[in-house]
Amino acid sequence: MSDQPSRLELLRFARRVVVQQATAAVRQLDGWIADEERREAERRRGEEMRPPPPDWLLQYGLNRKNVDAVHAGDCWAATKSGRCRPASREQVVEALRHGVPACVHCRPDTALGLLDNP
């Protein structure tokens, strides 16, 4: 008899190896899918829990004391500046009446109906 395995035994061994590797690969993919589903659920929860943006913003100067501009709450320029704080409608109207410039991008003076009314 021969010490060498038969061709049929080698094919069966190769099949077991392929099944084992495929099972491991599927387990790995399932883990990646579960991780991504978890991240998506956390992202959705974070969006749902995020407070709504303020209606109005006042942009403060570098010294954080004087007001430089007035913005609508969803203005991209205000977000970029990083120096804005939420404000009430009354605070924004008062600032505009005292000569604080309105943002040229979001035009809060137009939204408030205060065009060129000092």
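## A walk through the three-stranded sheet

In S3, Arg85 is the bridge partner of Leu58. That pairing is a good place to start in this predicted model, and we can work outwards from it. Leu58 belongs to strand S1, residues 56-60, which is joined to S3 by four bridges, with the two strands running antiparallel. Arg85 has another role to look at: it lies over the face of Tyr60, 4.1 Å from the ring centre. If you go looking for aromatic pairs, though, the structure holds zero of them.

Now step back to the whole sheet. Its three strands are ordered S2-S1-S3, the sheet is open, and the pairing is antiparallel. Strand S2 (67-72) and strand S3 (84-87) are the edge strands, each pairing on one side only. From one strand to the next, the twist averages 30°. Helix H3, made of residues 89-97, packs on this sheet and touches S1, S2 and S3. The direction of H3 makes about 50° with that of S1.

Let us turn to the other partner of S1. Five bridges link S1 and S2, again in the antiparallel sense, and Gln59 stands opposite Ala69 in S2. The two strands form a hairpin, with six residues between them. In that turn, have a look at Arg64, which has a positive phi of about 65°.

How enclosed is S1? Five of its five residues are buried, so the strand is largely enclosed by the rest of the structure. You can follow this face by face: Trp56, Leu58 and Tyr60 are buried on one side, and Leu57 and Gln59 are buried on the other, so both faces of S1 are covered.

Across the hairpin, His71 deserves a visit. His71 is found in strand S2, and it counts as buried because its relative accessibility is 3%, with the cut-off for buried set at under 20%. What does the side chain of His71 meet there? It makes a polar contact with the side chain of Gln59, at 2.6 Å. Leaving aside neighbours within four places in sequence, the contacts of His71 include Trp56, Leu57 and Gln59, along with Ala77, Ala78 and Cys84. Cys103, Cys106 and Pro108 are also among the residues that His71 contacts.

To finish, move back along the chain to the loop between helix H1 (7-49) and S1, which is the place of Arg50. Is Arg50 buried or exposed? With a relative accessibility of 58%, Arg50 counts as exposed, because the cut-off for that class is over 50%. From Arg50 you can also look back to Arg27: the two are 23 residues apart in sequence and 35 Å apart in space, taken C-alpha to C-alpha.

Methods: Residues are numbered from 1 along each chain as its sequence is written. This is a predicted model: local features need pLDDT of at least 70, side-chain atom pairs count only at pLDDT 80 or more; totals for chains, interfaces and linings use all residues. Side-chain values use heavy atoms; hydrogens and water are left out. Two strands pair if DSSP finds at least two bridges between them. Axes are lines fitted to C-alpha atoms, for helices over the stretch in contact, and angles run from 0 to 180 degrees between N-to-C directions. Contact means heavy atoms within 4.5 Å. Buried means under 20% relative accessible area, exposed over 50%, partly exposed in between (1.4 Å probe, protein chains only). A polar contact is a pair of N or O atoms within 3.5 Å; within protein, one must be able to donate a hydrogen and the other to accept it, and residues adjacent in sequence count only if both atoms are side-chain atoms. Rings of Phe, Tyr and Trp (its six-membered ring) pair if their centres lie within 6.5 Å; planes under 30 degrees apart count as stacked, over 60 as edge-to-face and the rest as tilted. A charge sits over a ring if NZ of Lys or CZ of Arg is within 6 Å of the ring centre and within 35 degrees of the ring normal.
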